[in-house]
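Student: Could we go through this structure together? I'd like to know where the labels come from.

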Amino acid sequence: MSGHSTYEPKNGFSRWLDARLPVGRLVWDSFVDYPTPRNLNYWWTFGGILSLCLGVQILTGVVLAMHYTASAAGAFTSVEHIMRDVNYGWLLRYTHANGASMFFIAVYIHMLRGLYYGSYKAPREVLWILGCVIYGLMMATAFMGYVLPWGQMSFHGAVVITNLLGAFPIVGDAITTLLWGGFAVDEPTLKRFFSLHYLLPFMIAGVVVLHVWALHVVGQNNPTGIDPKSKSDTLPFTPYATVKDGFAMSVFLILFAVFVFFMPNALGHSDNYIPANPLVTPTHIVPEWYFLPFYAILRAVPDKLMGVIAMFGAIVCIFALPWLDTSKVKSMRYRPQAKLYFFIFLVVCVILGFCGAKLPDDQVIPGLVTNITPLGSDLNSFVWLSRISTLYYFAYFLVVTPLLGLMEKPLPTPETISSPVLGGEHKD
Amino acid sequence: MHRKDLRAASVVAAFWKGDLKVAHTAADATNPVAGDDPSRRDFIHIAAITAAAGGGVAAIWPFVAQMNPSADTLALASVEYDLTKIEPAQQVVINWRGKPLFIRNRTTEQIAAAVKDDHAAMKDPQTDAERHKEGKPEWLILVGSCTHLGCVPTVGGGDYGGWFCPCHGSVYDTSGRIRKGPAPKNLVVPEYAFLSDTKVKIG
Amino acid sequence: MLRKVTLLAAALLLVGGPALANTTAHEPEPVAFSFEGPFGRFDQAQLQRGYKVYREVCSACHSMNLLAFRNLGDRGGPFYDPKYPNPNDNPVVKALATDIQVPDIDGETGDAITRPATPADHFPSPFPNVIAAKASNGGLAPPDLSLMAKAREGGPEYIASLLQGFGPPAHGVTLAPGQHYNKYFPGGIIGMAPPLSPDKVSFDDGTKSTVRQQADDVAAFLMWAAEPKMEERKEMGFSVLIFLVLFSGLLYASYRRVWRNESH
């Protein structure tokens, strides 16, 4: 995707700077003149949306940190001080809290786009890995951020998740004690979580720079999965992609605003408005919605250590995807069987998320008692629904994806990007 | 090769934009990429960019405003005090906006001594009348922070019976004016008002 | 095929939906609060009555630490007066504050004293600390009410129902001394005795003081206490959404103009 730069500094200052630190040239080559496939659909706008989310979170976060107190005694009250006394504090807090959810909505759509169109396949493996690293950093940041208000859910969620690491034999207890800075989740844990929560987003920003760099080396994927072959296949990034990304960001902000201004607590949990009490456990410990599928996988496995391994394994599968997929065809537009399994995978992920919010032994179909109880739980229970769904989750990555590439017969792929676009071919 | 499609597309686009009256000639359609420069300053682009700028400024405002004092800080910005508790020749020190505040009930001798020196040579010339409310010369309300480097002056010390700052030896008279020592200005008189004869609101 | 899969997903979601959290408690009765919905606002008269119920009944056991007297005069609050944009100057607020004693340290002797509150003071706690609160209430400290309307599933409707939901224990439930039965409380057994009774609080505006009225009013007051910025939030939301919708329209037109000659 690299040709030589077409940047021409227009005035004296630009020429002077270009000879010393060519930032103008970098911006021109990467975001103005950069050749972008002309057939990108709206699923491709989520990269820009994610950058917007990162910017919003960092901006609101830095400003919130001016008023937040990172101590067990002061944290909860300081957040309420922000909500009640700080000018526009309520706006900043709700934006930051709902911004995290919006960030994850966008990242899941972005990842699912990658899955569907084969954007992780060669030569984009490093791009995909960097993306998974960003996702992992996001999860760590979000987890630590949720602990900071020091509500009941903050505290007990931290207890549950940090205790998971104690499942590892031999080193487990040493790891948890190191993480806690004490014998339980307490003041030292809160303070280090605050420090790391402030730090990690800047590391995310750094990996994002690498992510965009890796992208620009190999070029964007596109809905056909066929690489651009000539100049007529691409358009300059500005104004074509810029204005489309801008429009998509604006629509995204509408959804964001509906949450922040009209349903600010819909995605949260009411228990987190109760100050943390180590001696009282909430009846129903639930992580934030974006962790629910992994929480369901964790609880699906009856053994504690195997549950932890399964949960981390689920994330490792995402990392390993470029090497699991054997298909020669990138885009599922031309892989009808893969498309079907993908949509089932999507439904399974939603089901897993649902299961993560429920108590394991609650009935899926209310009132029905099957009296068949393998592994001690009735078949009509959320834990069994989780188990079946977890099975499909792993099967999708470890069985379906490798085999399907070898076995299916894909539809004929177009010659170039421009042929389906200008020939009016059926799209996905 | 695709002229028909491009012409059709441009007409459709024009329809959506509501400016079909603008002549989209075949020339426009046959000049796909090279001739028709889409980054030309069309009105719609200017409107969009202006709206973005306006929205951006409106969005930045809360980030700036949150640094202004919060409501609980502002609540302590004013303090009311009941003066009946202070005997003549007595001074009370209260905490106001994080700083000490002197409320002194001056005797007639102290007032007279201050007025006598109204035109004496001093670093920061002020008459005594400028430093108290009309009709209430006995009440002197000052910020208890030495104008040199901020130490709290002790009451009654120094040659004039006003205040003496132990840190570097500044001497204030019974009107709080700097008479000797390194301080450059008189002790600050804050904004205050009498709510009644016995109640004062500072700030 | 795709349609079948989507229908299956929808069916599963529908089935799972009603299976709510593990509670056998009654669902709270719906109340048509004035502040519900995107255009909802607080009813100032209701908030005033609600404050009276809190002050005369609830504050005997329940603290409300996060509220200061000046909040009563804030915009959207029970005693807001547009003549006094600074609530610290509001005479009604000042009077309500001086009615209540708050703990303080004597400036000269250092002894613990009580003095009349100023608008800057927070609502005082009925007990000096948690241990005293537990000791006076059978081992269970009455929770702080500042955020109660947001800290419980069902919010203000749950609170209003709870306050009216006391009754004889359900079949098979035995109560120890000091325990009471409430059909809306998860588990049914609550440590609080029924706090409201007809005409317990007389309302200055002449509203009939039924238990239901007191419960609805104090629930509305607690909602305001938990979310005092609600009106400001909804007003700003309205403006922001209008701007964003128009802005999106502008950007879409701009997008179509940019792409008008390019097929994609």
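**Talking through the labels**

Tutor: Sure, and Trp96(B) is a good place to start: it stands opposite Lys99(B) in E3(B). Keep in mind that this is a predicted model, where local features need pLDDT of at least 70, side-chain atom pairs count only at pLDDT 80 or more, and totals for chains, interfaces and linings use all residues. Residues are numbered from 1 along each chain as its sequence is written, while chains are lettered from A and ligands numbered from 1 in the order in which they are written.

Student: How do you know that E2(B) and strand E3 of chain B pair?

Tutor: Two strands pair if DSSP finds at least two bridges between them. Here there are six bridges, in the antiparallel sense, between E2(B) and E3 (residues 99-105). The strand names come from DSSP too: strands are E runs of at least two residues, helices are H or I runs of at least four, and both are numbered from the N terminus.

Student: What makes E2 and E4 of chain B edge strands?

Tutor: The open sheet runs in the order E2-E3-E4 (chain B), with antiparallel pairing. Strand E2 (91-96) and strand E4 (139-143) of chain B each pair on one side only, and that makes them the edges.

Student: Why is helix H6 of chain C called largely enclosed?

Tutor: A residue is buried if 20 or more other C-beta atoms lie within 10 Å of its own, exposed if 12 or fewer, and partly exposed in between, with C-beta atoms placed from the backbone. Nine of the 10 residues of H6(C) (residues 155-164) are buried, so the rest of the structure largely encloses this helix. Among the buried ones are Pro156(C), Tyr158(C) and Leu162(C).

Student: What do the buried residues of H6(C) pack against?

Tutor: They pack against helix H5 (148-151) and helix H7 (211-226) of chain C.

Student: Is Leu375(A) exposed or buried?

Tutor: Leu375(A) has 8 C-beta neighbours inside 10 Å, so it counts as exposed. It is found in the loop between H13 and helix H14 (382-407) of chain A.

Student: And what makes Ala89(B) partly exposed?

Tutor: Ala89(B) has 14 other C-beta atoms within 10 Å, so it falls in the partly exposed class.

Student: Why would anyone remark on the phi of Ala89(B)?

Tutor: Most residues other than glycine have a negative phi, and most peptide bonds are trans. Ala89(B) is not a glycine, yet its phi is positive, about 70°. Leu375(A) also has a positive phi, of about 55°, without being a glycine.

Student: Which bond joins Ala122(A) and Pro123(A)?

Tutor: A cis peptide bond, with omega about 0°. Pro123(A) sits in the loop between helix H5 (89-117) and helix H6 (125-147) of chain A. The bond from Thr238(A) to Pro239(A) is cis as well, with omega near 0°, and Pro239(A) lies in helix H10 of chain A.

Student: How many residues does each chain give to the contact between A and C?

Tutor: Chain A gives 39 residues and chain C gives 40; residues are in contact if their C-beta atoms, placed from the backbone, lie within 7 Å. On the chain A side, H10(A) gives the most, with 13 residues.

Notes
Two residues are in contact if their C-beta atoms, placed from the backbone, lie within 7 Å.
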